Amino acid sequence: MIIRRGLVGILLALLFYIVFYPISLWINSNFDGAQGSMVKTLQRMVFFIVELIIFVKLYNKDSIRSVLTIEGFRNAIPACVGMLVYVAFYVIVYAVIGAKSWLNTTVPIVVSYLFFVQISTGLWEEMTFRAFVCEGYYQGEDATFMRRLIYAGISAVIFGILHAIECDSLEQAVYRFIMTGVWGFAFTSVYFYSHNFLAAAYIHFFTDIFLNISVFIKDWSESTLFMILDNYVQWSMLTVVFIVAVVFLHKKPARA
């Protein structure tokens, strides 16, 4: 029963994405601007709510409120320090050093994309790729680092692959698989250390706000400094994210 629930959770996560993806493509083809962002937000929130209800039933949670709780939220703060370091690096390198000029856009477009889309994405993706994929870990008695590592690896690979398939070239797909895979691994570490869905979702939302600022950059700098930071130092920062995630994945989770 325990193994079955863990496997069912992973399979459901994949099923949710299979249903989600074509709808997302249709939205991208028929809506744009602030209107497009709000439709994307609606899609993500609908999927999140439906999945939340299924999650409560599948894992015999007391109620939706027991999932949307702040208990253990504080434990997520040290677990996400690697991601916060990367975000600081990203803003300095890409928004300050790398941005040569910005798109002439509107406030509704910026707010709808950076706030509404990102918060709904954080909720939906963490419910799908962390809660459903990883909750099976808590259904067993063998609460070891190796089991957490396996679940984190599964979450990271699924997260990376499903982001990579959206790319147009193999080179871009490999880059996105590594990048999103590491971030998925880090979010899983936060989820396990705090066992708080809202903590993982909030950190996802907070980091995505800054990591998506580059969408509004029109022209990039060609300076040597920016090229070095972009092509080489960025990977060092990503390594920091991974190492911190492993450290907190190894630590005994704050809540069972």
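1. A good place to start is glutamate 126, which is found in helix α6 (residues 107-134). Please keep in mind that this is a predicted model. With a relative accessibility of 0%, glutamate 126 counts as buried, because the cut-off for that class is under 20%.

2. What does the side chain of glutamate 126 make a polar contact with? Its partner is the side chain of histidine 204, at 2.6 Å. Leaving aside residues up to four places away in sequence, glutamate 126 touches Thr121, Ala131, Phe187, Phe197, Ala200, Ala201 and His204.

3. Next door in the sequence, have a look at methionine 127. Residues touching methionine 127, again not counting those up to four places away in sequence, are Phe48, Glu51, Leu52, Phe55, Val67, Phe132 and Phe197.

4. Met127 also belongs to the largest nonpolar core, a set of 65 residues. Met127 is listed with Met83, Tyr86, Trp183, Tyr191 and Phe197 as having the most contacts inside that core. Helix α8 (residues 170-194) supplies the largest share of this core, 10 residues. A second, separate core has 5 residues, including Tyr113, Leu114, Ile213 and Phe216.

5. Finally, a helix pair worth viewing: the axes of α5 (residues 81-98) and α10 (residues 224-250) come within 8 Å and cross at roughly 170°. Angles over 145 degrees count as roughly antiparallel, so α5 is described that way relative to α10. Among the α5 residues in this contact are Met83, Tyr86 and Phe89, while α10 contributes residues including Phe226, Leu229 and Met237. By class, the contact has 17 nonpolar, 3 polar and 1 charged residues.

How values were computed:
Residues numbered from 1 in each chain as written. Predicted model: local features only at pLDDT ≥ 70, side-chain atom pairs only at ≥ 80, totals over all residues. Heavy atoms only, no water. Axes fitted to C-alpha atoms, helices over the stretch in contact; angles between N-to-C directions. Helix = DSSP H or I, 4+ residues; strand = E, 2+ residues; numbered from the N terminus. Parallel < 35°, antiparallel > 145°, perpendicular 65-115°, else oblique. Contact = heavy atoms within 4.5 Å. Nonpolar A, V, L, I, M, F, W, Y, C, P; charged D, E, K, R; others polar. Core = buried A, V, L, I, M, F, W, Y, C linked by side-chain atoms within 4.5 Å. Buried < 20%, exposed > 50% of the residue type's maximum accessible area, 1.4 Å probe, protein only. Polar contact = N/O pair within 3.5 Å; in protein donor to acceptor, adjacent residues only side chain to side chain.
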